[in-house]
Amino acid sequence: MSVCGAARCWWIQTRGAVSLRVLQQNRTVCTTGAPESIREKLQAFPGGSIDLQKRQESGIAVLTVNNPARMNAFSGCMMLELEQRVHELESWTEGKAVIVKGAAGNFCSGSDLNAVRAIANPQDGMRMCEFMQNTLTRLLRLPLISVALVEGRALGGGAELTTACDFRLMTSDGVIQFVHKHMGLVPGWGGAARLVGIVGSQNALKLLSGAVKVDPDCGRQMGLVDEVLLCSSGEGETLTHAEQWLRPFIKAPAPVIQALKKVVVSGRELPLEQALKTERNVFGTVWGGPANLKALALKPKHK
Ligand SMILES: CC[C@H](C(=O)O)C(=O)SCCNC(=O)CCNC(=O)[C@H](O)C(C)(C)COP(=O)(O)OP(=O)(O)OC[C@H]1O[C@@H](n2cnc3c(N)ncnc32)[C@H](O)[C@@H]1OP(=O)(O)O
């Protein structure tokens, strides 16, 4: 069940029951999914796919933006598929992390410009934006540690997609560029709001107003890039490096990793009192749980 109303609804899994914690917001954020009309419109733009591989043994999923003929630009159908994949990951109980990447050594060049030209009226444009804003908000809120593996170029909406992950790893030839200014636009998928939270308002304004090509050094300096992989873009090797980077952070049972992500998300998004209440709720789901009891039995020494 999801609710659309004068508040953003916040679902928190506690002991299997879902408790609805309503956050009072002065703006309506619809969580019931986009109106049918925009879905039908997006459906009219086929091409590419959003592929999801869930690795049960490691708890790491790999989500691939796959439209190499168009530098992994998002067709309308890919926007719909991304929502479906995020929905799948929301209920992946064995999951610990998700790596978001592009196909064929490139990240993503934003919206498919052919679709953009066809959805040019403001109302449909705003509906497409709202659809992608909701999907990317859900991606960032997944109870999984998310990593954008930026190989090649992440442009426009592709740059915004990188901000909808907890971390960004970049290959030596990687570039993140918010090209919206050159399109006479501003970010529409929520990328501006998230960018301010990542690099601060001054750096965000520089990156947006300057349409700056963020290379690995610039990204590390600004805090937009968390690690530079000492390899260039290309299938396989970079993914292995990304998984190796993730390993120390997912060395615990999935319920514990998921609980840790949930309390960080609530600390990032909720007013203090509600964040503390959420923390108590989540704490209650792991206190006395299998991992906690096992650790207590081992008399842990954290040297
Ligand atoms: C809120 C999000 C925002 C919005 O929806 O309004 C957007 O994201 S708008 C889109 C922003 N992205 C761009 O403007 C990127 C446009 N593409 C490029 O700048 C270049 O293609 C580049 C730098 C990604 C790659 O350049 P390169 O010379 O290496 O290759 P090509 O340009 O020949 O591209 C190969 C092939 O891909 C097609 N392509 C690339 N990007 C897109 C795109 N965003 N939409 C549709 N098609 C794209 C390009 O047309 C070429 O196809 P071809 O059939 O050979 O012409």
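**View 1. Aromatic pairs in the predicted model, with Phe167 and Trp245 in focus.** Counting ring pairs in this predicted model gives five aromatic pairs. One of them joins Phe167 and Trp245 in an edge-to-face arrangement, with 5.2 Å from centre to centre and 65° between the planes. Here two distant parts of the chain are linked, since Phe167 belongs to strand S8 (residues 167-171) and Trp245 to helix H9 (residues 237-246), 78 residues apart. As for accessibility, Phe167 is partly exposed, with a relative accessible area of 26%, whereas Trp245 is buried at 15%.

**View 2. Trp245 and its second partner, Phe249.** Let's stay with Trp245 and turn to Phe249: these two rings form a tilted aromatic pair, 5.0 Å centre to centre, with 50° between their planes. Phe249 has a relative accessible area of 41% and is therefore partly exposed. Taken together, Phe167, Trp245 and Phe249 are joined into a cluster by ring pairs.

**View 3. Leu239 and its surroundings.** Back in helix H9, we find Leu239. Its relative accessibility is 12%, so Leu239 counts as buried. Which residues does Leu239 touch, not counting those up to four places away in sequence? Its contacts are Arg55, Val62, Ile99, Lys101 and Leu149.

**View 4. Leu239 and Val264, compared by sequence and space.** This last view sets Leu239 beside Val264 as a pair of positions 25 residues apart in sequence. In space, their C-alpha atoms are 25 Å apart.

Key: Residues are numbered from 1 along each chain as its sequence is written. This is a predicted model: local features need pLDDT of at least 70, side-chain atom pairs count only at pLDDT 80 or more; totals for chains, interfaces and linings use all residues. Side-chain values use heavy atoms; hydrogens and water are left out. Rings of Phe, Tyr and Trp (its six-membered ring) pair if their centres lie within 6.5 Å; planes under 30 degrees apart count as stacked, over 60 as edge-to-face and the rest as tilted. Helices (H or I, at least four residues) and strands (E, at least two) are DSSP runs, numbered from the N terminus. Buried means under 20% relative accessible area, exposed over 50%, partly exposed in between (1.4 Å probe, protein chains only). Contact means heavy atoms within 4.5 Å.
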